[in-house]
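Subject: Structure handover

Hello,

Here is the structure I promised to pass on. Please load it before reading further; my notes follow below.

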Amino acid sequence: MKLVALARTDVGPVREHNEDSLLIDLDQGIFVVADGMGGHAAGEVASQMATETVHRTLTEMADPEETRLVRDHETEDPADVLRERLRYAMNQASIRIRREAEARPETRGMGTTLVVLVIDGEQAHLAHVGDSRAYLYRNGRLIRLTRDHTVVQQEIDAGRLTPELARLLPHKHILTQSVGFHGPVEPDTTTRWIERGDIFLLCSDGMTDPLEDDQIGRLMEGTRVEDLPEKLVTEALRAGSEDNVTVLVVGAR
Ligand code: CA
């Protein structure tokens with residue numbers, strides 16, 4: 001499986017800082033998008049710290065010398081091991097951000113969303129906390145792979161709110177968990193088999209706020225992977241996004 005990965009991030013028309021962070025490590029198959037929050041540029045610190053910590057932690061654990069999390073490796077499903085590593089790495093990020101916030105009062109309360117894709121052979125492993133999302137575009141269909149950790153999503157799940165109404169609510173971005181601010185996190189994780197032609201899309205809410213899933217799917221139709229980040233960011237801004245917009249795509253060939 002040959003992978004191609006590209007990303008684009010834009011500060012948007014309103015904000016002074018871009019608090020989104022992203023990472024592409026094609027060699028190891030690690031891809032990250034994080035959307036930070038907190039005043040005085042603390043959001044930038046949190047999202048960068050989360051991205052770096054997850055990347056470093058996963059890379060260190062890939063070293064055969066470091067076997068803390070892979071005891072009895074031979075008897076375990078490698079996918080289970082990887083998902084456990086993802087949960088561990090995201091918690092390491094959360095601990096590090098929280099410590100930093102305690103040491104520097106001006107960053108107190110900072111946190112970040114985090115969505116991580118690890119591609120290992122024919123499998124894709126995903127983990128996320130918050131409302132940055134992962135999608136899979138396959139055979140002309142866009143499938144959302146993550147469920148937002150937001151108060152409104154909980155209400156939707158409980159049948160008390162429709163997705164259409166939820167989009168209009170001012171508090172739609174209140175998260176039920178975030179990396180750093182909430183301390184220990186419980187990321188959702190999944191594993192999927194990859195097919196040739198699949199495109200994974202990771203993005204911040206600056207992308208998904210102004211555009212609904214079926215609109216994003218239509219924009220992706222017939223577009224080369226190489227052109228997708230530019231196209232999707234441009235369309236999100238055109239559709240009225242006032243937030244930072246980040247799009248990362250990974251295509252399997
Ligand atoms: Ca955002």
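Start at Asn-139, which is exposed, with a relative accessible area of 73%. This residue is found in the loop between β7 and β8. Its phi is positive, about 50°, although Asn-139 is not a glycine. Most residues other than glycine have a negative phi. Keep in mind throughout that this is a predicted model.

Another positive phi follows helix α6. There Gly-222 has a value near 75°.

Helix α6 itself covers residues 213–220, and its buried residues are Ile-216, Gly-217, Leu-219 and Met-220. They span an arc of only 160° around the axis, so they sit on the same side of α6. What do these buried residues pack against? Three strands are partners: β7 (133–138), β8 (141–144) and β10 (199–203). Helices α5 and α7 are partners too.

Next, the metal site. The calcium ion is coordinated by Asp-35, Asp-205 and Asp-243. Asp-35 appears twice in the donor list, and every donor is an OD atom. The distances run from 2.3 to 3.1 Å. In sequence, the donor residues follow the spacing D-x169-D-x37-D. Asp-35 and Asp-243 thus link distant parts of the chain, 208 residues apart. Asp-35 lies in strand β3 (residues 30–37). Asp-243 lies in the loop between α7 (228–238) and β11 (245–252). Both Asp-35 and Asp-243 are buried.

Now the empty space. Rolling a probe the size of a water molecule over the atoms shows where it is left.

The largest pocket has a volume of about 480 Å³. Its lining counts 21 residues. Nearest the centre of this pocket lie Arg-133, Arg-144, Asp-148, Pro-163 and Arg-167. Which classes make up the lining of the largest pocket? There are 12 charged residues, five polar and four nonpolar. Three helices each supply at least two lining residues: α3 (151–157), α4 (163–166) and α5 (205–208).

The second largest pocket holds about 240 Å³. Here 13 residues form the lining. Ala-62, Leu-82, Arg-85, Val-118 and Asp-120 lie nearest the centre of the second largest pocket. By class, its lining divides into eight nonpolar, three polar and two charged residues. Elements that each supply at least two of them are α1 (42–61), α2 (78–103) and β5 (114–120). Helix α2 gives the most, with four residues.

How many cavities of 30 Å³ or more does a search of the whole structure find? The search returns one. About 30 Å³ of space lies in this largest cavity. Its lining is made of Ala-124, His-125, Leu-126, Leu-145, Thr-190, Thr-191, Arg-192 and Phe-200. Strands β6 (123–129) and β9 (188–193) are the elements that give two or more residues to that lining. Four of the lining residues are nonpolar, three are polar and one is charged.

To recap for your session: Asn-139 is exposed with a positive phi. The calcium ion has Asp-35, Asp-205 and Asp-243 as its donor residues. The largest pocket has 12 charged residues in its lining, while the second largest pocket has eight nonpolar ones.

Best regards

Definitions and conventions:
Residues are numbered from 1 along each chain as its sequence is written. This is a predicted model: local features need pLDDT of at least 70, side-chain atom pairs count only at pLDDT 80 or more; totals for chains, interfaces and linings use all residues. Side-chain values use heavy atoms; hydrogens and water are left out. Donors are N, O and S atoms within 2.8 Å of the metal (3.2 Å for Na, K and Ca); water is not among the atoms, so sites may look incomplete. Buried means under 20% relative accessible area, exposed over 50%, partly exposed in between (1.4 Å probe, protein chains only). On a 1 Å grid over the protein atoms alone, a cavity is a set of points where a 1.4 Å probe fits but cannot get out, and a pocket is an open set with protein on both sides within 12 Å along at least five of seven lines; lining residues have an atom within 4 Å of a point. Grid points are joined across faces, edges and corners, and a volume is the space filled by probe spheres set on the points. Ala, Val, Leu, Ile, Met, Phe, Trp, Tyr, Cys and Pro count as nonpolar, Asp, Glu, Lys and Arg as charged, and the others, Gly among them, as polar. The arc is that of the directions from the helix axis to the C-beta atoms. Contact means heavy atoms within 4.5 Å.
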